[in-house]
Amino acid sequence: MNKDYYALIMAGGVGSRFWPVSRTEYPKQFIDFFGVGKTLIQSTYERFLNICPPENIFIVTNEIYSDLIKEQLPQLTDNQILAEPLMRNTAPCVAYGSLKIAELNPNATIVVAPSDHTIANIDGFIASIEQSLAAASKNDCLITLGIKPNRPDTGYGYIQHTDYVLNTDTDLHKVKTFTEKPNLELAKSFLQSGDFLWNAGIFIWSAKSILNAFEKHLPDMYEIFNVGRSELNNAGEKEFINNAYFQCTNISIDFGIMEKAENVYVLPSDFGWSDLGTWASIYEMAEKDYVGNAVIPSEQVLMFDSSNCMVNVPKDKLVILQGLHDYIVVENNNMLMICPRNEEQKVKEFVAEVKSRFGNKFI
């Protein structure tokens, strides 16, 4: 296992689309959605144990989730948990993590990945990551993984690539354009063209390359963190980071760097990836009965004349459903949501309405 390989797992999101199971105090990355005995962040951590040493895995999260991280991943040291004082999107967390790792090992090559995705083909995932890490360690490039689309999905960003490859030893293609969540007609044209991939939000680069990119494309943010880099991995880190974050703009790594840099490459990949952005994606990944019902857990749920439903309720809750077709039924802490699967986009509207009526008590 290469001691220069590192993983930076981003675990600061709230996941409001999965209300009422996912809430601000206990977001989706800390939940076992499939009843397998592992939460999403635990599964993500385990995947990276196949790629880099355990001491080289770092989690960046909001400071309000630090205790949850320690509870679910007790093997981590305090120095492996990067606590953000406030949400500032993905560019600041990548800058923070990359500088911290670079101070530990200037020769580091880093994979940055969300904590709340699922991967069906672990071997395929590992092969894609290792190919990208090997290329990034030898070349000044910024790599992202692109998922081969199987439908014109409007919920994903798309990456267009050219036929130009980094070198003959890899399948890394030069990126031409990034497109955020297109409309249906545009998504259909992307699928037909054959040179567009879904943006998985997984990045690979050397510490040197990403820090050079920050210095060039986000110089103000680079200076904010670079001025106190000697404090990282030391007693003064928390105070320095607290001050740094309040100076940072709210910007994503995609918009701040990836869409501007000229040395961006994408690796076309297919390893059963899902970003679990909606209950519909949970439904797609879950086991279903002969009439298409996905029930998690299923011990005390009885369904009659019902089909193609997504049901997620506490294990000790007795639930009886009759005459429901294509519905989402979710209950948690005595909060119940029932909505048609084809109107799931309204979940955020439900959450906003709950917040307006009851404040943050139930959010």
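## Strand 9 and its partners

Ile-159 sits across from Leu-197 of strand 9 in this predicted model. That pair belongs to the pairing of strand 7 (residues 158–165) with strand 9, an antiparallel arrangement held by three bridges. Tyr-158 faces strand 9 too, with Trp-198 as its opposite number.

Strand 9 also pairs with strand 4 and strand 6. With strand 4 (residues 109–114) the pairing is antiparallel and counts four bridges, and Val-111 is found opposite Ile-204 of strand 9. With strand 6 (residues 142–147) there are five bridges, again in the antiparallel sense. Here Ile-143 is the residue opposite Ile-204, so Ile-204 turns up in both pairings.

## How enclosed is strand 9?

Is strand 9 buried or exposed? Strand 9 spans residues 196–206, and 11 of its 11 residues are buried, so the rest of the structure largely encloses this strand. Buried here means under 20% relative accessible area.

## Strand 7 and strand 8

Strand 7 has another antiparallel partner in strand 8 (residues 173–179), and five bridges link the two. Tyr-158 is handy for finding your way around: opposite Tyr-158 in strand 8 is Thr-179, while opposite Tyr-158 in strand 9 is Trp-198.

## Helix 6 against helix 7

Now for a pair of helices. Helix 6 covers residues 207–217 and helix 7 covers residues 219–226; their axes come within 5 Å and cross at roughly 125 degrees. What does that make their orientation, given the crossing angle? Angles of 65 to 115 degrees count as roughly perpendicular and those over 145 as roughly antiparallel, and helix 6 and helix 7 are therefore oblique to each other.

On the helix 6 side, the contact is made by Leu-211, Phe-214, Glu-215, Lys-216 and His-217, and on the helix 7 side by Pro-219, Met-221 and Tyr-222. By character, the residues of this contact split into five nonpolar, one polar and two charged.

## Two domains

Stepping back to the whole chain, the domain assignment gives domain 1 as 5–274 and domain 2 as 279–358. How far apart do the C-alpha centres of the two domains lie? The separation is 30 Å. The domains do touch: 14 residues of domain 1 are in contact with 17 residues of domain 2.

Note on methods:
Residues are numbered from 1 along each chain as its sequence is written. This is a predicted model: local features need pLDDT of at least 70, side-chain atom pairs count only at pLDDT 80 or more; totals for chains, interfaces and linings use all residues. Side-chain values use heavy atoms; hydrogens and water are left out. Axes are lines fitted to C-alpha atoms, for helices over the stretch in contact, and angles run from 0 to 180 degrees between N-to-C directions. Angles under 35 degrees count as roughly parallel, over 145 as roughly antiparallel, 65 to 115 as roughly perpendicular and the rest as oblique. Contact means heavy atoms within 4.5 Å. Ala, Val, Leu, Ile, Met, Phe, Trp, Tyr, Cys and Pro count as nonpolar, Asp, Glu, Lys and Arg as charged, and the others, Gly among them, as polar. Buried means under 20% relative accessible area, exposed over 50%, partly exposed in between (1.4 Å probe, protein chains only). Two strands pair if DSSP finds at least two bridges between them. Domain bounds come from an automatic or database domain assignment.
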